[in-house]
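User: Please go through this structure with me by question and answer. Keep the reasoning short.

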Amino acid sequence: MSTNIGQKVLDKLKDEISQNEYNRYIKHLKYDEKSSRSDIAIFTTNNILSAKWIKTKYQKKIAHLYEIESGLKAEIIVDVKNAKSKQRVKTVSKKEQSNQSTLLNPSFTFNSFVQGDSNALAYNVSKAVAETPGKQYNPLFIYGGVGLGKTHLMQAIGNYRFNMGDKIIYNTFEQFLNRYTNHLRTGTMDRFRDYYRNCDILLIDDIQFISRKEQTQEEFFHTFNELHSLSKQIVITSDRAPKKIAGLADRLKSRFEWGMLVDINPPELETKIAIIKKKSELNGIRLDEEIVNYLATKLGSNIREIEGTIIKINAMSSLLRQKITLEFTKNAIEDYLSEKKKSITIDTIVDIVSEELNVKPSDIKSKKRAKKIVEARRISIYLARNLTPNSMPQIAIYFGMKDHSAISHAMKKIEEIIENDENLKVAIEELSNKIETLKLQN
Ligand code: ADP
Ligand code: MG
């Protein structure tokens with residue numbers, strides 16, 4: 001049936017353009033049924049120049065005709081099919097590959113990873129995957145909040161396998177996406193496929209950005225299936241569980257759940273202490289026990305931030321030529337924490353809560369009483385109170401509430417809920433984590 005669609009589109013196109021144009025460009029254009037899918041229609045022609053020309057001149061028209069014929073909106077791809085381009089593919093993708101494997105951070109190893117209750121399962125499963133890839137846990141899907149060690153574990157698997165001689169591809173999902181759109185644009189999807197299907201281990205970091213990108217999901221689905229059927233190990237990380245990724249196709253969701261799904265939680269106090277010790281040791285910084293404990297209680301759960309803070313304290317101490325005492329650490333941290341508070345606005349909080357809970361910002365700021373909206377509003381208020389220097393009356397004004405007592409009521413309510421709902425507690429912890437990280441990057 002789809003062959004007919006492609007051919008029908010070409011026939012229709014013939015009617016719409018001059019005979020001359022048809023003979024020069026469209027005559028050699030063929031519909032590639034095998035590579036096409038419902039939302040990607042692939043046509044091939046015999047050389048790059050005409051492919052380019054067809055794309056600029058006829059792509060829109062073809063897309064339109066395709067939609068009329070099939071009732072579906074599709075991306076139209078004009079590819080080049082000939083032996084020469086196939087050969088070029090091989091050499092280029094080999095070069096790209098060796099660059100890719102060096103993108104692993106060599107310091108992200110199992111040895112440098114501190115285990116604790118919050119990450120023990122993720123650690124053990126990752127270790128098992130590194131030892132016997134493509135077997136028990138394929139794919140391995142690691143999820144959890146920002147700065148909790150997902151990339152570290154994923155790359156620890158990569159480094160371990162790299163040392164065993166495996167071919168590794170490490171890509172953030174964004175890199176996968178960019179590569180995909182570039183190859184689409186230049187009509188070199190065969191190179192794209194060649195690249196991803198020629199590895200032993202595929203590591204895709206931060207897959208949550210795949211949300212609602214149907215076409216890329218489709219392509220990723222095929223990459224996944226191909227590698228999986230060859231028993232090649234796939235490791236994926238995400239800031240949330242597959243079922244929480246909005247607009248993720250069911251078949252991908254189920255693929256992600258085929259193997260092993262593990263989460264990493266914010267570190268508990270002991271793990272934080274162990275991490276601070278390890279990080280200061282690795283950076284050649286000596287910290288007394290009481291300083292380590294102070295930092296562990298004072299700092300949040302984002303380990304990237306904890307590490308950054310230790311390095312900053314050390315830098316300050318050598319700049320000012322002062323010893324790192326508890327007093328010195330306290331001052332440094334106070335400055336740092338109040339700076340951080342100042343830079344976070346309620347707008348940012350509402351934006352992030354809105355995105356995470358899938359509630360519109362305007363609804364959060366409205367007086368609507370739907371359960372989901374009320375919850376998003378309460379969480380925003382709670383975070384505004386904790387992460388920004390705004391007073392209760394200021395927050396009341398922002399959310400269009402009567403006065404500070406409405407805010408204090410909302411705070412009590414959410415604190416009560418958090419008390420009894422471990423999941424919400426973790427979710428809020430991760431939200432504040434995200435907000436703080438975001439602001440620090442600005
Ligand atoms: P994520 O990918 O979850 O956002 P990363 O893996 O990039 O977080 O970790 C952030 C930083 O914290 C990295 O420098 C990493 O080495 C460090 N880190 C995270 N978890 C641990 C851990 N359990 N032990 C040691 N370092 C850790
Ligand atoms: Mg990461």
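The questions below cover the domains, the cores, a helix pair and some single residues.

Analyst: This is a predicted model, in which local features need pLDDT of at least 70, side-chain atom pairs count only at pLDDT 80 or more, and totals for chains, interfaces and linings use all residues. Residues are numbered from 1 along each chain as its sequence is written, chains are lettered from A and ligands numbered from 1 in the order in which they are written, and side-chain values use heavy atoms, with hydrogens and water left out.

User: How far apart are the C-alpha centres of domain 2 and domain 3?

Analyst: Domain bounds come from an automatic or database domain assignment. They give domain 1 (5–95), domain 2 (120–264), domain 3 (269–342) and domain 4 (346–441). Between the C-alpha centres of domain 2 and domain 3 the distance is 34 Å.

User: Which domains give residues to the largest nonpolar core?

Analyst: A nonpolar core is a set of buried Ala, Val, Leu, Ile, Met, Phe, Trp, Tyr and Cys residues joined through side-chain atoms within 4.5 Å; buried means under 20% relative accessible area, exposed over 50%, and partly exposed in between (1.4 Å probe, protein chains only). The largest has 29 residues, of which Leu202, Ile207, Ile210, Phe220, Ile236 and Phe256 touch the most other members. Elements supplying at least two residues each include strand S2 (40–45) and helix H7 (173–185), where helices (H or I, at least four residues) and strands (E, at least two) are DSSP runs numbered from the N terminus. The core lies between the two domains because both give residues to it: domain 1 (5–95) and domain 2 (120–264).

User: Which helix gives the most to this core?

Analyst: Helices H8 (189–197), H9 (214–229) and H10 (250–258) are among the elements that each supply at least two residues. The most, five residues, comes from H7.

User: How are H7 and H9 oriented to each other?

Analyst: Axes are lines fitted to C-alpha atoms, for helices over the stretch in contact, with angles from 0 to 180 degrees between N-to-C directions. The axes of H7 and H9 come within 11 Å and cross at roughly 100°. Angles under 35 degrees count as roughly parallel, over 145 as roughly antiparallel, 65 to 115 as roughly perpendicular and the rest as oblique. H7 and H9 are therefore roughly perpendicular.

User: Which residues of H9 meet H7?

Analyst: Contact means heavy atoms within 4.5 Å. From H7 come Phe173, Phe176, Leu177, Tyr180 and Leu184, and they meet H9 at Gln215, Thr216, Glu219, Phe220 and Thr223.

User: Is Gly158 buried or exposed?

Analyst: Gly158 sits in helix H6 (residues 150–163). Neighbours within four places in sequence aside, Gly158 contacts Leu104, Ile168 and Leu203. With a relative accessible area of 0%, Gly158 is buried.

User: What type of peptide bond joins Asn138 and Pro139?

Analyst: Pro139 is in the loop between helix H5 (120–131) and strand S4 (140–144). Phe256 touches Pro139, among other residues. Omega between Asn138 and Pro139 is about 5°, and the bond is cis.

User: What is the relative accessible area of Arg321?

Analyst: Arg321 is in the loop between helix H13 (303–319) and helix H14 (326–342). Although not a glycine, Arg321 has a positive phi of about 50°. Arg321 is exposed, and its relative accessible area is 76%.
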